[in-house]
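Thanks for sharing this one. Here are a few notes to read with the model open beside you.

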Amino acid sequence: MYEKPKTRSLTLVGLAAFIVLATIFVPARAQAQQRDLLSLPGSKGQLAIDSLMGFRIGAFSGVSYAGPLGFSTQSYKADDVQNNNVEVTTRLTTFWFAPAADYFILDHLSVGGLLEIASTSRTDKTKTSNNGSTVENETDRPTTTAFTFLPRVGYMFPITSRFAIWPRGGIGYASRQNVVGADKDSFSSLIFSADVPVLFRINETFFLSAAPELTFSLGGKHTLDASNSSRSADASFFQFGLVTGLGVLLDL
């Protein structure tokens, strides 16, 4: 038997809030959208925060909520492929903090970055049925962490006072951990990341954005920490996705 993974997270809450905000702002500003705003996007002294709320669509991860602060739970249940009398349920709980911001030091030219810290706990529950009796065992796996520090620069091309294209690129450091059986596998590397957000300004403050995003490692290694040993080897990372969200642009 196979049961589809169940995910409970802020995705539905974020989607609902995103739709509500769009419903409120867009119709209310329908006439104002025909007028120019007071400032062009990417002007010197502006602060951009483009990750207040949104979604990331990845090649491997599917659709997930993306925001500066979040919480999610996952449950995965399946029978053992070698013994149908054994059912294994894996539960994952993740908390993350991921602020990001960019400041325009000159017209069009921005400097900024992303800091991400995430922690995931895992519990495996095994249910064995035999001769009408059921035995359950629950095991807490090692807690894993994820860390990213990514300074970046960008150059914004305003098309109008409401539309803009904003290529950005950065080099930083990232580390990820996974549980392999009872052991912990760690990956760390310098990374390069590039995205090209397309912005639509709802009003002077709020904007919607969508961006293709490319991230890959510059070198890298993974380390398997077992109970009495530690082994390392080379590793690499590549990811391509689409990020959409709601942000703010403040004139400081």
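1. Glu 136 is partly exposed, because its relative accessibility of 44% falls between the limits of 20% and 50%. Its side chain meets that of Lys 127 in a salt bridge, at 3.9 Å from N to O. Lys 127 is partly exposed too, at 30% relative accessibility. Please bear in mind that this is a predicted model.

2. That pair is one of ten salt bridges by the 4 Å rule. Some of the others belong to a network: Asp 50, Asp 102, Arg 152, Arg 168 and Asp 195 are linked through salt bridges.

3. Have a look at Arg 168 in that network. It pairs with Asp 50, the closest N and O atoms being 2.8 Å apart. Asp 50 sits in strand S2 (residues 46–58) and Arg 168 in strand S12 (residues 168–180), so this salt bridge ties together parts that are 118 residues apart in sequence. Both partners are buried: Asp 50 has a relative accessible area of 14%, and Arg 168 has 7%.

4. Arg 168 also meets the side chain of Asp 102 in a salt bridge, at 3.0 Å from N to O. Here strand S12 is linked to strand S6, which holds Asp 102, across 66 residues. Asp 102 is buried as well, at 1% relative accessibility.

5. Which residues make up the largest nonpolar core? There are eight: Ala 48, Phe 104, Met 156, Ala 164, Trp 166, Leu 199, Phe 207 and Leu 249. Leu 249 touches several residues beyond four places in sequence, among them its fellow core members Ala 48, Phe 104 and Phe 207.

6. The surface has a nonpolar patch too, formed by Tyr 103, Ile 105, Leu 106, Val 111, Val 153, Leu 250 and Leu 252, with about 600 Å² of accessible area together. Val 153, in strand S9 (residues 144–155), is partly exposed at 47% relative accessibility.

7. A backbone detail to check is His 108, which has a positive phi of about 80° although it is not a glycine. His 108 lies in the loop between strands S6 and S7 and is partly exposed, at 25% relative accessibility.

8. Lastly, a word on confidence. The chain averages a pLDDT of 80, and 79% of the residues score at least 70. Strand S11 (residues 163–165) has the highest mean, at 96, whereas strand S1 (residues 2–9) has the lowest, at 42. Please read residues 1–34 with care, as pLDDT stays under 50 there; residues 58–62 are also under 50.

Conventions
Residues are numbered from 1 along each chain as its sequence is written. Side-chain values use heavy atoms; hydrogens and water are left out. Patches are made of residues with over 30% relative accessible area and no salt bridge: like charges are joined within 9 Å, nonpolar side chains (Val, Leu, Ile, Met, Phe, Trp, Tyr) within 5 Å. Accessible areas come from the Shrake-Rupley method with a 1.4 Å probe; for residues, only the protein chains shown count as cover. Helices (H or I, at least four residues) and strands (E, at least two) are DSSP runs, numbered from the N terminus. Buried means under 20% relative accessible area, exposed over 50%, partly exposed in between (1.4 Å probe, protein chains only). pLDDT is the predictor's confidence in each residue, from 0 to 100. Contact means heavy atoms within 4.5 Å. A nonpolar core is a set of buried Ala, Val, Leu, Ile, Met, Phe, Trp, Tyr and Cys residues joined through side-chain atoms within 4.5 Å.
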